[in-house]
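Student: Could we go through this model together, one helix at a time? I would like to see the reasoning behind each answer.

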Amino acid sequence: MIRNKLAAAALGLLVALPLTAGAGFAQHMGFHGGPGGPGGPGMHGDGSRFLMLLRSANLTAAQEGQVHLILNNNRAQMQSLHQQLMSLHEQISAKLLSPGAISASDLKPLVDKASRLEATLNQNMTETAIAIRNVLTPAQITKLAETHAKLESIHKQIKGIMGPGPDMPPPDDN
């Protein structure tokens with residue numbers, strides 16, 4: 001059971017590896033739509049849904065400055081954690097793609113370390129999102145909630161048209 005979960009996690013990391021390179025690119029695009037958009041590349045967004053939603057908040061110049069400061073305060077730490085995670089993904093990929101037999105125990109230390117780094121990244125992103133939310137007015141938070149609901153509705157419509165995606169085995173709940 002644990003071996004299957006570990007193998008699934010390792011395979012997931014291998015599949016996600018090319019996708020994380022795109023996320024690194026999104027970091028430099030800023031949360032206002034990239035070069036040329038309001039806020040431009042200097043806003044240093046991480047591509048998260050919350051930061052993308054901020055486009056609909058109509059931030060004042062003062063708020064944009066506060067958000068910019070919040071995002072830059074932890075930027076070096078976030079980049080370091082992201083680089084460490086990418087290095088672990090490369091190590092896992094190298095092991096999975098190397099000749100010879102491999103077992104879950106070969107990957108466990110790397111997967112465990114990646115899990116700890118991901119938890120740290122998630123905590124940091126949560127704290128950053130809360131700090132940014134504290135800059136917003138109640139009306140802006142309401143606007144973000146409305147935009148989020150609209151985007152979720154569109155996502156459901158797309159899923160209804162396109163289907164749930166390729167058949168995947170059901171998750172192992174044990």
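The questions below deal with helices, burial and side-chain contacts in a predicted model.

Student: Let's start with helix α6, residues 138-162. How far apart are its end C-alpha atoms?

Tutor: Helix α6 has 25 residues, and at 1.5 Å a residue it should span 36 Å. The distance in the model agrees with that expectation: the end C-alpha atoms are separated by 36 Å.

Student: Which residue follows α6, and what is its phi?

Tutor: Just after α6 the backbone takes a positive phi. The residue there is Gly163, with phi near 90°.

Student: Which elements are among those that cover the buried residues of α6?

Tutor: Gln140, Leu144 and Thr147 are buried in α6. What covers the buried residues of this helix includes residues 49-53 and 61-73. Those two stretches are α2 and α3.

Student: Is Ile158 buried, partly exposed or exposed?

Tutor: Ile158 also belongs to α6, and it joins Leu151, Ile154, Ile161 and Met162 in a nonpolar surface patch of about 560 Å². Buried would need under 20% relative accessible area and exposed over 50%. Ile158 has 46% relative accessibility, so it counts as partly exposed.

Student: Now to Leu88. Which residues does it touch, leaving out those up to four places away in sequence?

Tutor: Leu88 sits in helix α4, residues 75-97, and its relative accessibility of 4% means that it counts as buried. Its C-alpha atom is 7.9 Å from that of Lys113, although the two residues are 25 apart along the chain. Lys113 is one of the residues it touches. The full set is Leu110, Lys113, Ala114 and Leu117.

Student: How many salt bridges does a search of the whole structure find?

Tutor: Lys108 forms a salt bridge with Asp112, where the closest N and O atoms are 2.7 Å apart. That distance meets the cut-off, which is within 4 Å. For the whole structure, the search gives a count of one.

Student: By about how many helical turns are Lys108 and Asp112 separated?

Tutor: Asp112 is placed in helix α5, residues 104-133. Both partners are partly exposed, with Lys108 at 40% relative accessibility and Asp112 at 27%. Because they are four residues apart in α5, their separation is about one helical turn.

Methods. Residues numbered from 1 in each chain as written. Predicted model: local features only at pLDDT ≥ 70, side-chain atom pairs only at ≥ 80, totals over all residues. Heavy atoms only, no water. Expected span 1.5 Å × (residues − 1). Buried < 20%, exposed > 50% of the residue type's maximum accessible area, 1.4 Å probe, protein only. Contact = heavy atoms within 4.5 Å. Patch = residues over 30% accessible without salt bridge, like charges linked within 9 Å, V, L, I, M, F, W, Y side chains within 5 Å. Areas by Shrake-Rupley, 256 points an atom, 1.4 Å probe, with all protein chains shown as cover. Salt bridge = Lys/Arg side-chain N within 4 Å of Asp/Glu carboxyl O.
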